[in-house]
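These are my notebook entries on a structure that is new to me. I set down what I looked up, entry by entry.

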Amino acid sequence: MAEGQDPAALPAGEVVLIAPPEGGGVRAWIGAATQKGAKLIVLRQTAALAGAVGGPPRTSIRLAETPARGGPVVVVVPGETFDRMRAAGGTASFDPGQATVEEGVTTNAIGWLQGTDPDAGVLMVSAHLDHIGVRSDGVVMYGANDDASGTVAVIELAGALADMGPHERSLMFVAYGSEEAGLLGSRYFVDHPPIPLTDIAANLEIEMIGDQDPQLPAGVMMMTGFDRSNFGAALKARGALVGPDPYPEQNFFERSDNYALALSGIVAHTVSGWATIPTYHTPEDTIANLNIPFMTTAIGSLVEPLAAMADGDFTPEWAEGGRPAPR
Ligand SMILES: [Zn+2]
């Protein structure tokens, strides 16, 4: 049973009851309990967890080819149930014999625009095509911003760059599956690349460009890890509406599909509109809440800079210390 505000002070135990604060931070509590060997985590319902009550226990989702990580099972219970469990002295039992494994299929969709110079390297533009689906309480999670907006950008850029005629470099357009389940599509892509990874000159991931961050100048998208390479500066010099990420403490560079590629050495960054948007992972992430004029201008600003890179010999490079250390 955890009391207090500090996940680090959580006592170790196989079954852990946690009443997370209303303001969020559930992830930190689950992480702390997992590190301390929890097998079953019972969470008291908060407003943010409302959709998870009464649903199936949450277990980790992984690629079939990767070994099971043995992470904890997480269940969310209504406040009164949680309080009864606590009053009863904190005893709970968990029968792992009832656990089942469900298999599903995910898809990485890949488009290819052949370049005239097969030795010039490949520019890669990507997004993720999945979202959360239907919540256990039946509420539909639309994901218009996260990440239909990025997928639309990939399709529109593919069309615009194809219309300009052949480029020297080939262009690869990728829409990953299962980002929401833990960046699975991009990890699979890196483990089973359709072309040698060393052929990829750079990767631009586009995620959540459905609205403008009020902290950034009008029309400008943030690029995660902007200073880690000269990719962002090169795009910006050609007119791309990109700028540095105003939230370095959030580590967004490591939290998107660009990261699997960056870990493999490819200069790979993510551009976003408003990474901390209030509709994030809520049922309100709908088309009605997209800022279409912002999106249109943002996507349009990428066409010429990407075309220039596809027709030139500039290859982005990591800055000193910018490349993430392989794990
Ligand atoms: Zn998401």
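Before listing neighbours, I note that contact means heavy atoms within 4.5 Å. I also record that the model is predicted.

**Entry 1: Asn203**

I began with Asn203, which is found in strand β9, residues 200–206. Is Asn203 buried or exposed? Its relative accessibility is 0%, and buried means under 20%, so Asn203 counts as buried. I then listed what Asn203 touches, leaving aside neighbours within four places in sequence: Met124, Val125, Ser126, Phe231, Asn258, Leu261, Ile266, Val267, Ala268 and His269. For one of these, His269, I looked up the separation: the C-alpha atoms of Asn203 and His269 are 6.6 Å apart, while their positions lie 66 residues apart in sequence, counted as places apart. I also found a polar contact of 3.0 Å from the side chain of Asn203 to the side chain of Ser126.

**Entry 2: strand β5**

I turned next to strand β5, residues 122–128. How many of the residues of β5 are buried? I found seven of its seven residues buried. On one side lie Val122, Met124, Ser126 and His128, on the other Leu123, Val125 and Ala127, and both faces are covered.

I then looked up the pairing of β5. Seven bridges join β5 to strand β8, residues 170–176, and the two run parallel. Within this pairing, Val122 has Ser170 of β8 as its bridge partner. β5 also pairs with β9 in the parallel sense, over five bridges. In β9, the residue opposite Met124 is Asn203, and Met124 is also among the contacts of Asn203 listed above.

**Entry 3: the zinc ion**

Which protein atoms are the donors of the zinc ion? I recorded Asp146 (OD), Glu180 (OE) twice and His281 (NE2), at 1.9 to 2.4 Å from the ion. Asp146 is in helix α3 (residues 144–163) and His281 is in the loop between β12 (268–272) and α7 (292–311), so named by DSSP runs; this pair links distant parts of the chain, 135 residues apart. The spacing of the donors along the chain is D-x33-E-x100-H.

I checked the geometry as well. The angles among the four donor atoms run from 57 to 148°. Four donors count as tetrahedral if all angles lie between 85 and 135 degrees, so these angles do not qualify, and the site is irregular.

I also compared how covered two of the donors are. Asp146 is buried, at a relative accessible area of 2%, whereas His281 is partly exposed, at 26% relative accessibility.

**Entry 4: Thr279**

Thr279 is placed in the loop between β12 and α7, the loop that also holds His281. I found Thr279 buried, with a relative accessible area of 16%. Beyond its neighbours within four places in sequence, Thr279 is in contact with Glu284, Asp285 and Asn289.

**Entry 5: nonpolar cores**

Last, I looked up the nonpolar cores. In soluble globular proteins, nonpolar side chains tend to be buried together. The largest core here has 54 residues, and Leu157, Phe189, Ile206, Leu235 and Leu302 touch the most other members. Helix α7 supplies the largest share of this core, ten residues. I followed Leu235 further: leaving out residues up to four places away in sequence, Leu235 touches Leu204, Met223, Ala240, Val242, Pro305, Leu306 and Met309. A second core of 14 residues is separate, and Ala32, Ile41, Leu43 and Val76 are included in that second core.

Conventions:
Residues are numbered from 1 along each chain as its sequence is written. This is a predicted model: local features need pLDDT of at least 70, side-chain atom pairs count only at pLDDT 80 or more; totals for chains, interfaces and linings use all residues. Side-chain values use heavy atoms; hydrogens and water are left out. Donors are N, O and S atoms within 2.8 Å of the metal (3.2 Å for Na, K and Ca); water is not among the atoms, so sites may look incomplete. Four donors count as tetrahedral if all angles lie between 85 and 135 degrees; four count as square planar and six as octahedral if opposite donors are over 155 degrees apart and all others between 65 and 115; anything else is irregular. Helices (H or I, at least four residues) and strands (E, at least two) are DSSP runs, numbered from the N terminus. Buried means under 20% relative accessible area, exposed over 50%, partly exposed in between (1.4 Å probe, protein chains only). A nonpolar core is a set of buried Ala, Val, Leu, Ile, Met, Phe, Trp, Tyr and Cys residues joined through side-chain atoms within 4.5 Å. A polar contact is a pair of N or O atoms within 3.5 Å; within protein, one must be able to donate a hydrogen and the other to accept it, and residues adjacent in sequence count only if both atoms are side-chain atoms. Two strands pair if DSSP finds at least two bridges between them.
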